[in-house]
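Colleague: Please take a close look at one part of this model, the place where a few helices pack against one another. I would like a plain account that a first-year student can follow.

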Amino acid sequence: MLMGSDQSQQPLLSASREHCHLNEKSELQRRRLQYDSASETQINHQEQNDVQNPLHPQCIAAKSDFNFKQVFLLFAAYLGGGTLCFFFTEYQIKGIKTNGFLDSVYFCVVTMTTVGYGDLVPNSSLAKLLACIYVFIGMALGGLILSKAADYIVEKQENLLVGAIHMGYKVGHGEVPKVLEANKTKYKLMLAAATLVGLMIVGIIFLYFVENLEFMDALYFVCSTVTTLGYGDKSFSTAEGRIFAIFWILSGTICLAQFFLYLAELYTEGRQKSLAKMVLSRRLSLSDLETADLDQDKVVSAAEFIVYKLKEMGKISEEDIAVVMESFRKLDYDNSGTLTEADIRFCESS
């Protein structure tokens, strides 16, 4: 009887095991689908953040390319227009001539960089009028081009820095070289100085071997050109020399301007760091505590302390704080004093 009962329960147990096994398989498949769906959502969300994040290296590179294209088109239009004007009036320009088109480009470069050797000079009223208009436009445009070039170089180097930070989020913050951030301006100054010295050496070698100048004359000529003095006693007199001068004068003058720009930036950063160090090392008094207590609740929070120190270091002002607080009030639609997901969703829907 017992044996019969066992035999009758065996199919039931087998069916129960099969049913449990099927349930486990379906549960595993359901979990796997949920995991795949969550992973795909997370990857898509990460890709969307990478594209929309303004600190992403690709976004900065695109911005840099756009600025560089603007500078190039502006410079090409200015240089091309001046070259055509002086090419059609070349008979009204006196001096040492080699080739009509080449001399026109060379004259434009020497004029826009304010080098002014004096080897080519206007010799008629029309040519003098064109030169006056060209040099005034060139000085204004030169400042704009230099600023755009400065922005381009800075953005390219920031691109490398942000790229390192972006990689650091993937491989760990400890691998991001913090020294690069701390000495970024110093490295830019060193790079500009090395490039300037290299351009000066190339110019001296070219003048010594091609223009047949003595070493001291070549050094003197290079210094007077890069600093845009252009005394006029030395100049490029050959066709090969003027082809070289078109690119070398532009590179040398821009590089020198960049060098002084980074030098001033390094000096300013040094003063800011000294001020920040002095502010952070100063002992906090009771009057400082009262000033830092923005909400007048007799307690200074970490956020209030940070805002107070930033104001003391000159990083932010009362106007900056007022603008930020106004933006916060607009987002905090329920006036709770905090921002939540519901606040953001309400602002997006309105």
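Modeller: What follows starts with the whole chain, goes through three helix pairs, and ends with some single residues.

This is a predicted model, in which local features need pLDDT of at least 70 and side-chain atom pairs count only at pLDDT 80 or more, while totals for chains, interfaces and linings use all residues. Residues are numbered from 1 along each chain as its sequence is written, and side-chain values use heavy atoms, with hydrogens and water left out.

The protein has 12 helices and 2 strands. Here helices (H or I, at least four residues) and strands (E, at least two) are DSSP runs, numbered from the N terminus. Read from that end, the elements run α-α-β-α-β-α-α-α-α-α-α-α-α-α. Of the 350 residues, 29% are buried. Buried means under 20% relative accessible area, exposed means over 50%, and partly exposed lies in between, using a 1.4 Å probe and protein chains only. Among contacts (heavy atoms within 4.5 Å) with a separation of 6 or more, 64% join residues 24 or more positions apart.

Two packed helices are described by the angle between their axes and the distance between the axes. The axes are lines fitted to C-alpha atoms, for helices over the stretch in contact, and the angles run from 0 to 180 degrees between N-to-C directions.

Begin with helix α6 (residues 184-209) and helix α7 (residues 215-226), whose axes come within 9 Å and cross at roughly 135 degrees. Angles under 35 degrees count as roughly parallel, over 145 as roughly antiparallel, 65 to 115 as roughly perpendicular and the rest as oblique. The pair α6 and α7 is therefore oblique. Their crossing is right-handed. A crossing has this name if the near helix is turned clockwise from the far one by less than a right angle, and is left-handed if anticlockwise. On the α6 side the residues that meet α7 are L196, M200, G203, I204, L207 and Y208, and on the α7 side they are F215, A218, L219, F221, V222, C223 and V226. By class, 12 of these residues are nonpolar, 1 is polar and none is charged. The classes are as follows: Ala, Val, Leu, Ile, Met, Phe, Trp, Tyr, Cys and Pro are nonpolar, Asp, Glu, Lys and Arg are charged, and the others, Gly among them, are polar.

The loop between α6 and α7 holds N212. This residue has a positive phi of about 60 degrees although it is not a glycine. N212 counts as exposed because its relative accessibility is 63%.

Helix α7 also packs against α8 (239-281): the two axes come within 9 Å and cross at roughly 65 degrees. These helices are therefore roughly perpendicular to each other. V222, T225 and V226 of α7 meet W248, I249, G252, T253 and L256 of α8. This contact has 5 nonpolar and 3 polar residues, and no charged ones. V222 and V226 of α7 also belong to the contact with α6.

Between α7 and α8 is a loop, where S235 is found. Its side chain and that of D119 are joined by a polar contact of 3.4 Å. A polar contact is a pair of N or O atoms within 3.5 Å; within protein, one must be able to donate a hydrogen and the other to accept it, and residues adjacent in sequence count only if both atoms are side-chain atoms. Leaving aside neighbours within four places in sequence, S235 is in contact with Y106, Y117, D119, E211 and F221.

Helix α8 has a further partner in helix α3 (residues 100-112): the axes of α3 and α8 come within 10 Å and cross at roughly 35 degrees. This crossing is left-handed. From α3 the contact takes L102, D103, V105, Y106, V109, V110 and M112, and from α8 it takes A239, R242, I243, A245, I246, I249 and L250. Of these residues, 12 are nonpolar, none is polar and 2 are charged.

Further along the chain, D288 sits in helix α9 (residues 286-292). D288 counts as buried because its relative accessibility is 8%. A polar contact of 2.7 Å joins its side chain to that of Y308. K298, in the loop between α9 and α10, has a positive phi of about 65 degrees although it is not a glycine. With a relative accessible area of 79%, K298 is exposed.
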